[in-house]
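I opened this entry to record what I looked up, residue by residue and then feature by feature. The structure comes first, and my notes follow.

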Amino acid sequence: MSEHTMRAVTVTKFGGPQVLTLQEVARPEPLPTEVLVRVHAAGVNPVDWKTREGQGMAGLQTFPLILGWDVSGVVEEVGFGVTTLAPGDEVYGMPWFPRAAGGYAEYVTAPARQWARKPATLDHAHAAAVPLAALTAWQTVVDTAHVQAGQRVLITAAAGGVGHFAVQFARHLGAHVIATARAARHPWLKELGADETIDYTTTRFEDATHDIDVVIDLVGDTHDRTSTRSLTVLRPGGLLVAVPAGVSPELARAAETAGVRATPYLVEPDGAALTTIADLIDAGKITVEVEETFPLTQTGAAHTRIQAGRTRGKIVLTLTH
């Protein structure tokens, strides 16, 4: 490869993990206000495999497509006008979402302010596990629900990538946190700050809790009508944040009838929030869970692993240079 090319995992048609192909492609160049980041690790998220299959953010993409929105790496070059970052800075970010960011590659370009300095206490693999999941959790718990101390917050799929951050952020704000997960994950979730845990394989959460101020639903109505069921545990005026499937007209009507609120949500790039999250991580207040790492050459295996579900924390791709 020359200085003008790089390795990247590309997709030229929607399909299974077999459509992920490692190829040599042109290396991007930073435009004014952008930085070129040499990628050391890239997080793998459910939206990745959904988009690969033609779901998720597929309608916004064009072929050839390089998936991946979670990146941790080192600034290689800065475009004209950039004053916040310099070559050699270790950064992490979730650039461009929901447009393609090209994280499954050796280099990525994006606006400087969509990045933040990597948490000093994390290696690149753990830093790459943070941006999309932690920003989703932060923006739902803090910016959307405005969770307050003393509130009762129910988090479904609490042991996953977004869930384990949401538990910690809600607890950091002083909320009483109820988390749903398989029983084997309960001791770990208690360590993260969950006050109560519910085994969704044996117990319907609506039979185990009530008077909830906020539900952060990370499952959605496509699985066992989880969002609709969440309405029944909310106190009058309570809020459902429906993350993966949004709010259908039927769900909106049901919420209105029940006297509660429901809102959809989609994560946005936010370098300032990532700076705050990095400070919390470096202060030891938030921990990051990486269940497994895969080399870039095994991206298909990483997709197979995360698509199977039941991941504890995150799956991450690592790159060697």
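I began with Asp89, which at 18% relative accessibility counts as buried, because the limit for that word is under 20%. The model is a predicted one, so I treat every value in these notes as computed from predicted coordinates.

**Entry on Asp89**

I placed Asp89 in the loop between β5 and β6. I then asked which residues Asp89 is in contact with, leaving aside its neighbours within four places in sequence. I found Gly73, Val74, Val75 and Arg117. With Arg117 there is also a polar contact, in which the two side chains are joined at 3.2 Å. The side chain of Asp89 reaches, at 2.8 Å, the backbone nitrogen of Ala86. For a sense of distance I took the C-alpha atoms of Asp89 and Val177, which are separated by 36 Å, and I noted that these two residues are 88 apart along the chain.

**Entry on Gln151 and His146**

I went next to Gln151, in the loop that runs between α3 (131-144) and β9 (152-155). Is Gln151 buried or exposed? Its relative accessibility is 17%, and Gln151 therefore counts as buried. I looked up where its side chain goes, and found that it reaches the backbone nitrogen of Gln148 at 2.9 Å. Not counting residues up to four places away in sequence, Gln151 touches His146, Ala175, His176, Asp213 and Val214.

One of these, His146, lies in the loop between α3 and β9, and I noted its backbone separately, since phi of His146 is near 50°, a positive value in a residue other than glycine. His146 comes just after α3. I then checked α3 itself and recorded the helix as mostly covered, with 11 of its 14 residues buried. Among the buried ones I listed Leu132, Leu135, Trp138 and Val141.

**Entry on unusual backbone geometry**

Before going on I reminded myself that most residues other than glycine have a negative phi, and that most peptide bonds are trans. Asp211, which is not a glycine, has a positive phi of about 50°. I found Asp211 in the loop between α6 (205-208) and β12 (212-217), and I noted Asp211 as partly exposed, with a relative accessible area of 46%.

I also recorded cis peptide bonds. One joins Phe63 and Pro64, with omega about -5°, and Pro64 is in the loop between α1 and β4. Another runs from Phe97 to Pro98, with omega near 10°, and Pro98 lies in the loop between β6 and β7.

**Entry on aromatic rings**

I counted four aromatic pairs. Phe97, already noted for its cis bond to Pro98, forms one with Trp69, an edge-to-face pair at 5.1 Å centre to centre with 75° between the planes. This pair links distant parts of the chain, 28 residues apart, with Trp69 in the loop between β4 (65-66) and β5 (70-78) and Phe97 in the loop between β6 (90-93) and β7 (107-111). I recorded both Trp69 and Phe97 as buried.

Why is the pair of Phe165 and Phe169 stacked? The ring centres are 6.2 Å apart and the planes meet at 20°, which is under the limit of 30 degrees, so Phe165 and Phe169 count as stacked. These two residues lie four apart in helix α4 (residues 161-172), about one turn of the helix, and both are buried. Together with Trp138, Phe165 and Phe169 form one aromatic cluster, and Trp138 is one of the buried residues of α3.

I added one charge to this entry: Arg27 lies over the face of Tyr107, at 4.6 Å from the ring centre.

**Entry on the largest pocket**

Last, I looked up the largest pocket, in which about 1600 Å³ of space lies. Which of its 50 lining residues are the closest to its centre? I noted Pro46, Lys50, Ala157, Leu218 and Val219. I found that α1 (46-52), α3, α4, α7 (226-230) and α10 (299-307) each supply at least two residues of the lining, and that the largest share, four residues, comes from α1.

Notes. Residues are numbered from 1 along each chain as its sequence is written. This is a predicted model: local features need pLDDT of at least 70, side-chain atom pairs count only at pLDDT 80 or more; totals for chains, interfaces and linings use all residues. Side-chain values use heavy atoms; hydrogens and water are left out. Buried means under 20% relative accessible area, exposed over 50%, partly exposed in between (1.4 Å probe, protein chains only). A polar contact is a pair of N or O atoms within 3.5 Å; within protein, one must be able to donate a hydrogen and the other to accept it, and residues adjacent in sequence count only if both atoms are side-chain atoms. Contact means heavy atoms within 4.5 Å. Rings of Phe, Tyr and Trp (its six-membered ring) pair if their centres lie within 6.5 Å; planes under 30 degrees apart count as stacked, over 60 as edge-to-face and the rest as tilted. A charge sits over a ring if NZ of Lys or CZ of Arg is within 6 Å of the ring centre and within 35 degrees of the ring normal. On a 1 Å grid over the protein atoms alone, a cavity is a set of points where a 1.4 Å probe fits but cannot get out, and a pocket is an open set with protein on both sides within 12 Å along at least five of seven lines; lining residues have an atom within 4 Å of a point. Grid points are joined across faces, edges and corners, and a volume is the space filled by probe spheres set on the points.
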